[in-house]
Amino acid sequence: MTLLLIVISLIVFAALAVRESALWQWGAAVVVIGLASGFHFTAEGANYALGFGGWLLLVFGALLLLLAIKPLRLAVLTTPVYGAVKSILPKVSRTEQEALDAGTVGWDAELFSGRPNWDKLTQIRPLTLSAEEQAFLDGPTEQACQMLDDWDIRHNRADLSPELWQFLRDKGFLGMLIAKEHGGLGFSAQAQSMIVSKIASRSVAAGITVMVPNSLGPGELLEKYGTPAQKEKYLHRLATGQDVPCFALTGIHSGSDAGGMRDIGVVTKGMWNGEEVLGVKLSFDKRYITLAPVATLVGLAFLLKDPDNLLGRGADVGITLALVPRDHPGLDIGRRHFPSRQAFMNGPVRGKDMFVPLDYLIGGVDYAGQGWRMLMECLSTGRAISLPAIGTTSIKQTLRTTSAYARIRRQFGIPVGIMEGVAEPLGEMVKRAYMYEAARRLTASMVDEGQRPAVIAGLLKYTTTEAMRDSMDEAFDIQGGRAIQDGPKNYLFGGYMAIPVAITVEGANILTRTLMTFAQGVLRAHPYLLKEIQAVQNKDRKAGLDAFDLAFGGHTKFMLRNIVASFLHGVSNGAFASSPNEGPMAGHYRKLHRYSQAFALVADWTTVVLGGALKQKQKISGRMADLLGELYLMSATLKRFDEEARIEEDKALVDSIIADRIANIEKTFGEVFDNFPNPVFAWAMRILCFPFGRHAKRASDRANYRLAKAVLVPGGFRDRLTTGVYISNDPDDVTGVLEDAFKKVVDAEEIETRFIKASRKGVIERRLDRDAIADAVVAGVLNDNEAGIMRAADEATERAVQVDDFAMTVLDKTAPRSAAE
């Protein structure tokens, strides 16, 4: 009976925890179990005698019932805990609070909850373009790509050609986000992302040039916050390319630390257009500002001070934004940086005691001091579009070229792509291309539905650009000398040189991963943590106590549910977790639920145990960000497979991607547990999340090899993996030469096999002083038609593997050049 009662009690308590039951229900359950413990059954019959354990349960249950009475609970429990928590939980600064308020939570909150509502994922619309957007992608975007010569841009001009600049202005590329009523294209985030991606697959410098005005720039700020006069004056000019914008945020000493900004504006009176007006005296020194050297309209972020309280906002107004024409007296721009030898325009912006009238403030005086919130709201959407587009297209473009090269290039008589050592990185490139395109399109769709996914945007920025670096390294490893010899024939080097830029801009990856993503994510997406922090920081103590009591009670129930659910999912390996459907990916969805639950528990305990020290424990914070990233990539991959009608050919690919994600998740959880500063909590988390240990394995060598072989064949599989990149079949084009050779080599495959067999038998011999194909015809190995097919493949291969060489004086900048050079 004792054993039975224990089992029943555990079941009851587990059910209460999973249901997140009210405190009185826990009290009532404990009392009932305590009373039931007095029953004893023997051969002589039943008797009742309440023992010490029973009385203890009754007392504890009664205490719980008493604590369910709010005034009593506030007096004996909430108030002491309130005081303790106030000293433990991190204080949210003004800039942090504005960043938190700027974005929205969606699917990321479901992952933090541990109990994902699948509707929040499945109801996000799939990749959708209007007929106008598709026509622009197929028309002007394709034309722009055809005009791009990356070698000319980055080596000869260090700039886009004048013809391309004019084309981008005329066709509205610089005003894609500006509404049609102001002369812009009014395109969706998805369309902007795909247009930038396609251009960047041809030239990263051109992609960045188009990206910046449509990411974080005066156009978006004016549309959302500008005064009617500002919109009327500037938006049409920006939309039609008459004005080229830039936005100056990064200071020399502050970098990404907006709170440490030294750029200052002081409210004062000054002369403007011949009369004395109220304005701002600005002193600033900005750098790394993209498009600054060619900008005609400069956005500025600065700290606004008002020592005489002329605006009625106090002495410290806060971060404020202004819009300054290039020709304004005192504005110093014109020189340029040369980031990683990339040709996109980038440079410093400076000013000393520069006076501007108040109507230069974006949004006017009403928005003075709200600049950080304004920037964060724009960044939360712009960042979700910009760098993920650049990173993803680079991943896909490197796969497209490398798969072609790995098939046409032979070593030891076989295509290098089927060698296991080469197939290993090639298989990884295949998985990245599918997965990161899935994440790119999912995030862009979130933006189009009105979300501002700030945490996901930062997460995707650092994961995508790191994956870009990995794929580019592997492309160079596979293509060898063909990749490292720079020149007009090199289709990889421009993207390779751009990697440090992508890693560094819009928040360096180290900072984004270790300090921002998880710390902001847990505050923003945790169901109760931010409410508790806001409650303890409430200046009205009574209102704060009431709010804290409600949030703390919810947090306690959330924590109990996490404990029980994590253990149950761990014991069952997610067998009873939920799935949005019962399709071929149902098992993977259940694993996603299971690991989301484990993440919810560990994220909660990490934040509660570390408290304000979380900002210093950046290795743990970075690993937690990695876990969130793996869960998001799993989500995007599964959603893409379902949305694309569950293509059977892609199933093995998705299975391999998910296997890798799960293996990474379990490994990262282990690293968190091994390095957690509190060994008791580390042990408890390990037991609750992985009661039988961690046993997940990455996709097998055999599975990865099949993926590599599949991409060495032209067709739908390869095209889906590289969707959205610019593709040319012109043998005179820098990448078209590969596509041309790839198709011809595959067409000649059976003929080539017979030719090689004859060569190995000594019937014919490959040598520079003989025509081996003609010899094969003479020897009866090939007929004339087959010889023609093989010769075409040979000639195409010869063109594709060629690299550039130069006259000595071309690369020697100090030597005189001939007119031809």
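A nonpolar core here is a set of buried Ala, Val, Leu, Ile, Met, Phe, Trp, Tyr and Cys residues joined through side-chain atoms within 4.5 Å. With that in hand, here's a quick tour of this predicted model: the largest such core has 175 residues, and a second, separate one has 26. After the cores come two helix pairs, then a handful of single residues.

**Nonpolar cores**

- In the 175-residue core, the residues with the most contacts inside it are Leu300, Val349, Phe599 and Phe669.
- Helix H17, running over residues 420-448, gives the most to this core, chipping in 13 residues.
- The second core stands apart from that one, and its 26 residues include Leu216, Phe247, Leu321 and Cys378.
- If you pull up Leu300, you'll find it touching Phe247, Ala248, Leu282, Phe284, Thr320, Leu321, Ala322, Val324, Val349 and Met354, once residues up to four places away in sequence are set aside.
- Two of those partners are worth a click: Val349 is listed with Leu300 among the best-connected residues of the largest core, while Phe247, also touched by Leu300, belongs to the second core.

**Helix pair H23 and H24**

- H23 covers residues 541-572 and H24 covers residues 586-610; they pack at an angle of about 135°, and their axes are 9 Å apart.
- Angles over 145 degrees would count as roughly antiparallel, so H23 and H24 are oblique to each other.
- Their crossing is left-handed.
- On the H23 side, the contact is made by His555, Phe558, Met559, Arg561, Asn562, Ile563, Ala565, Ser566, His569 and Gly570.
- H24 answers with His593, Arg594, Gln597, Ala598, Ala600, Leu601, Asp604, Trp605 and Val608.
- By residue class, this H23–H24 contact splits into nine nonpolar, seven polar and three charged residues.

**Helix pair H25 and H26**

- H25 (residues 618-643) and H26 (residues 648-675) also have their axes 9 Å apart, and they pack at an angle of about 165°.
- That angle is past the 145-degree cut-off, so H25 and H26 count as roughly antiparallel.
- The crossing of H25 and H26 is left-handed.
- Their contact divides into 15 nonpolar, four polar and seven charged residues.

**Buried residues to look at**

- Glu786 sits in helix H33, which spans residues 784-801.
- Its relative accessibility is 17%, so Glu786 counts as buried, the cut-off being under 20%.
- Beyond residues up to four places away in sequence, Glu786 touches Ile751, Arg754 and Val781.
- Met211 belongs to helix H13 (residues 204-211) and is buried as well, with a relative accessible area of 7%.
- Leaving out neighbours within four places in sequence, Met211 is in contact with Val196, Ser386, Leu387 and Ile390.
- Between Met211 and Gln192 there are 8.2 Å, C-alpha to C-alpha, for a pair 19 residues apart in sequence.

**Partly exposed and exposed helix residues**

- Thr753 is part of helix H31 (residues 749-760), and its 39% relative accessibility makes it partly exposed.
- The C-alpha atoms of Thr753 and Gly413 are separated by 9.7 Å, although the two are 340 residues apart along the chain.
- Val680 is in helix H27 (residues 679-689) and is exposed, at a relative accessible area of 59%.
- Val680 and Pro339 are 341 residues apart in sequence, and their C-alpha atoms are 48 Å apart in space.

**Positive phi in loops**

- Asn273 has a phi near 55°, a positive value in a residue other than glycine.
- You'll find Asn273 in the loop between strand E4 (264-272) and strand E5 (275-290), where it is exposed with a relative accessible area of 66%.
- Arg341 likewise has a positive phi, near 55°, and isn't a glycine either.
- The loop that holds Arg341 runs between strand E7 (316-325) and strand E8 (346-357).
- With a relative accessible area of 52%, Arg341 is exposed, since the cut-off for that class is over 50%.

Methods: Residues numbered from 1 in each chain as written. Predicted model: local features only at pLDDT ≥ 70, side-chain atom pairs only at ≥ 80, totals over all residues. Heavy atoms only, no water. Axes fitted to C-alpha atoms, helices over the stretch in contact; angles between N-to-C directions. Helix = DSSP H or I, 4+ residues; strand = E, 2+ residues; numbered from the N terminus. Parallel < 35°, antiparallel > 145°, perpendicular 65-115°, else oblique. Left-handed = near helix turned anticlockwise from the far one by under 90°. Contact = heavy atoms within 4.5 Å. Nonpolar A, V, L, I, M, F, W, Y, C, P; charged D, E, K, R; others polar. Buried < 20%, exposed > 50% of the residue type's maximum accessible area, 1.4 Å probe, protein only.
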